[in-house]
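User: I would like a close look at one part of this structure, the packing between two helices of one chain. Please explain the terms as you go.

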Amino acid sequence: MALTTVDHSALKVNQTGIVATVLVAFIGSYFYRPLLVLIPLLAVVLLVGTFAPQLALFKQFYFKVLKPRGIVKPRPVQDRPEPHNFAQGLGGVFLVISSVFLLPVPVIGLALALLVAVLAFVNLAFGYCLGCQIYFQLGKRGLIRAS
Amino acid sequence: MNTQLWALAAAGTVVLAAAGLEAYRAARARRLAAGTTSAPAAEPYILYFTGDNCTVCRTHQEPALAKLGSVRVDKVDAVAERELADRFHVYTLPTTVVMTADGRALHVNYGYAPANKLDRQLAEARSGLTLEQTATA
């Protein structure tokens with residue numbers, strides 16, 4: 001499959017959005033418990049963005065606001081968007097599971113949300129994308145058409 | 001705050017356990033891949049396992065390999081050439097293998113390997129160190 005151009009700044013903004021939202025929900029929920037609703041909302045944002053990239057909230061914020069105003073500079077890279085979308089979808093699925101646990105067992109719900117934030121941070125800071133590695137492993141085993 | 005602290009502890013434990021498992025997995029794969037042979041060459045060279053889906057390969061690993069100058073780099077698609085990838089226990093991309101001139105794997109790097117690390121490993125390959133010597137060095 002041919003490579004295309006992926007703007008990595010959009011991915012970084014997306015990861016920043018995930019980390020920030022989870023942190024606000026995590027810390028904020030101590031003072032104001034209803035802030036936990038941010039976690040299921042983030043799950044919806046990630047899953048919708050996976051299947052309809054034009055509706056990906058953080059990426060659209062980058063394309064419509066941050067990039068045109070020069071706040072964040074574009075960083076186009078010859079890449080494939082599929083592994084990144086897969087990783088985002090995986091994050092969304094984990095946040096759905098986290099949301100299910102938030103009310104009955106909030107410790108598990110919050111811990112899962114924190115793990116998603118940690119992985120987004122690792123990707124943001126070090127460029128290591130666990131979801132992309134899982135995508136590679138699935139492709140290698142022929143479970144998805146990875147190349 | 002108890003809930004938040006317990007959640008933090010749980011997430012931290014999972015992260016530490018995952019890091020430990022990853023370290024164990026890399027060490028095991030390195031041990032299994034060590035000494036694996038491939039084609040001999042005039043000079044030490046690098047087997048570079050990559051794939052279409054590997055972003056870090058393009059953003060980090062390839063610029064690092066370009067800094068090595070005239071070193072021979074054999075690029076291998078880990079998905080298309082699965083047999084070769086399995087022989088070197090490639091479980092993550094990028095993976096770089098520093099091969100001696102007689103075709104033995106001297107160093108296996110799972111994940112991004114910076115240019116200075118590869119340079120050091122190539123120098124060892126040129127000096128003719130054996131894998132056992134580098135492991136105990």
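Analyst: What follows describes one pair of helices and how they pack. This is a predicted model, in which local features need pLDDT of at least 70 and side-chain atom pairs count only at pLDDT 80 or more, while totals for chains, interfaces and linings use all residues. Residues are numbered from 1 along each chain as its sequence is written, and chains are lettered from A in the order in which they are written.

Two packed helices are described by the angle between their axes and the distance between the axes. Helices here are DSSP runs (H or I, at least four residues), numbered from the N terminus. The axes of α2(A), residues 38–51, and α4(A) come within 8 Å and cross at roughly 150°, where axes are lines fitted to C-alpha atoms over the stretch in contact and angles run from 0 to 180 degrees between N-to-C directions. That crossing makes α2(A) roughly antiparallel to α4(A), a term for angles over 145 degrees.

Where the two helices meet, α2(A) contributes residues including A:Ile39, A:Leu42, A:Leu46 and A:Thr50, and α4(A) contributes others, among them A:Asn85, A:Gly92, A:Leu95 and A:Leu102. Contact here requires that the C-beta atoms of two residues, placed from the backbone, lie within 7 Å. The residues of this contact divide into nine nonpolar, nine polar and no charged, with Gly counted among the polar ones.

Helix α4(A), residues 81–102, also gives two or more residues to the side of chain A that touches chain B, and α4 of chain A is among the elements that cover the buried residues of α6(A). Those buried residues include A:Cys132, A:Tyr135 and A:Phe136, buried meaning that 20 or more other C-beta atoms lie within 10 Å of a residue's own.

Technical notes
Parallel < 35°, antiparallel > 145°, perpendicular 65-115°, else oblique. Buried ≥ 20, exposed ≤ 12 C-beta atoms within 10 Å, placed from the backbone.
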